[in-house]
Amino acid sequence: MPAKKSAAFKTNVIYGGDCIAAMKKLPEGSVDLIFADPPYNLQLGGELHRPDNSRVDGVDDEWDRFSDFKAYDDFTHAWLAAARRILKDTGSLWVIGSYHNIFRVGATLQDLGYWVLNDIVWRKSNPMPNFRGTRFTNAHETLIWCAKSKDARYTFNYDAMKNMNDGLQMRSDWTLPLCTGEERLKGEDGAKIHPTQKPESLLYRVLMAATKPGDVVLDPFFGTGTTGAVAKSLGRKYIGIERDKNYIAAARSRLSKIKPVEDEKLLITPSKKSEPRIPFGTVVERGLLRAGSVLTDPSGRFSAKVRADGTVISSDHRGSIHQVGAAVQGAPACNGWTFWHVKMGGDLVAIDVLRQKVRAELVTAVQ
């Protein structure tokens with residue numbers, strides 16, 4: 001029997017207490033994205049010291065301790081099951097971990113029916129060295145990105161990721177620094193408030209990739225509020241769950257200083273898939289290209305002439321800009337809009353410029 005819905009679904013809040021109990025009180029299918037940074041179960045054996053005998057401030061907090069692997073697996077199964085219930089069918093879940101726990105978490109994800117979309121390697125540009133010299137420097141952590149099921153229609157802002165990567169497809173290896181300097185929250189004594197505070201740049205990329213403005217983002221291990229801070233700054237709604245009162249106080253103070261972007265248009269990357277379809281024939285009938293205009297590829301190796309009906313013809317082939325582009329290259333497919341170019345003002349430009357001009361006029365007309 002599904003859990004009863006709460007009387008009021010609130011966002012931009014932090015709930016204190018156990019994450020499993022808190023998630024059970026939230027409405028089913030109410031969250032667009034879950035980012036989870038669960039305990040890693042590091043199993044540290046004693047203190048770690050640098051070569052100068054100074055103590056390394058490692059993670060030895062009570063919340064990271066489990067009696068054995070079974071206890072950790074039971075905990076993982078419980079919180080992931082609770083998370084799956086409140087996740088929308090169109091939502092996705094991200095979980096981060098290290099070699100200590102991520103493989104166990106991954107197996108549980110699949111057992112519960114989540115569908116793994118990617119594993120992301122966060123390569124730390126400034127990792128902590130291995131002081132004992134007995135292993136490789138542990139310079140990365142792994143994020144697993146999952147949909148709720150195999151057939152789920154999840155959000156992926158492909159164009160935003162490509163834009164952020166200078167026009168290249170975003171890869172699954174991300175080089176980002178650890179949280180240091182002014183971003184690292186510290187207490188009055190100068191000590192770190194939270195030992196595993198994640199950098200905002202990491203959450204920025206996650207939320208830009210898999211959410212839209214107005215989406216609800218939940219973090220069941222909220223800590224000092226990195227997920228909430230980035231969500232608020234990007235016009236997303238957040239829900240945090242945290243049981244440590246000191247972390248909650250730090251997170252609330254941090255969130256109170258965040259000013260969201262007021263103009264939502266600045267937060268949206270239009271998807272090319274959602275743009276109105278413009279046939280090449282429209283470009284011709286609008287007079288932006290005329291019958292007889294010569295098109296070439298960027299190198300000038302291939303050429304074709306525009307026909308009055310919006311097809312093109314080369315020495316051996318006739319058809320659409322895509323068909324002829326593929327045929328002259330001997331390729332299985334071709335994007336004719338970016339392959340074919342035309343001279344304009346002495347410069348060779350892709351004919352996609354003409355398509356974008358027509359699209360811009362259509363958008364202006366609608367507005």
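**Strand 8 and its surroundings**

Strand 8, residues 237–242, is mostly covered, with five of its six residues buried. Keep in mind that this is a predicted model.

I will begin with the neighbours of that strand. Strand 1, residues 13–16, runs parallel to strand 8, and four bridges join the two. One pair to look for is Y15, whose bridge partner in strand 8 is I241. Strand 7, residues 216–219, is also parallel to strand 8 and is joined to strand 8 by four bridges. Here you can look for L218, with I239 as its bridge partner in strand 8.

How does the chain get from strand 7 to strand 8? Helix 6, residues 226–233, completes a β-α-β unit with these two strands, and the unit is right-handed.

Now to the surface. Y154, F156 and Y158 form a nonpolar patch there, and together they have about 270 Å² of accessible area. F156 sits in the loop between strand 5, residues 140–147, and helix 4, residues 158–164. Is F156 buried or exposed? Neither: F156 is partly exposed, because its relative accessible area is 40%.

Last, the cysteines. How many disulfides are there? The count comes to zero. A disulfide is a covalent bond between the sulfur atoms of two cysteines. Take C146: the closest cysteine sulfur, in C19, is 17 Å from its own sulfur, so the two are too far apart for a bond. The cut-off for a disulfide is 2.5 Å. C146 is buried, with a relative accessible area of 0%. C334 has a relative accessible area of 18%. Buried means under 20%, so C334 counts as buried too.

Note on methods
Residues numbered from 1 in each chain as written. Predicted model: local features only at pLDDT ≥ 70, side-chain atom pairs only at ≥ 80, totals over all residues. Heavy atoms only, no water. Buried < 20%, exposed > 50% of the residue type's maximum accessible area, 1.4 Å probe, protein only. Pairing = 2+ DSSP bridges. Right-handed = clockwise from strand over helix to strand, strands pointing away. Patch = residues over 30% accessible without salt bridge, like charges linked within 9 Å, V, L, I, M, F, W, Y side chains within 5 Å. Areas by Shrake-Rupley, 256 points an atom, 1.4 Å probe, with all protein chains shown as cover. Salt bridge = Lys/Arg side-chain N within 4 Å of Asp/Glu carboxyl O.
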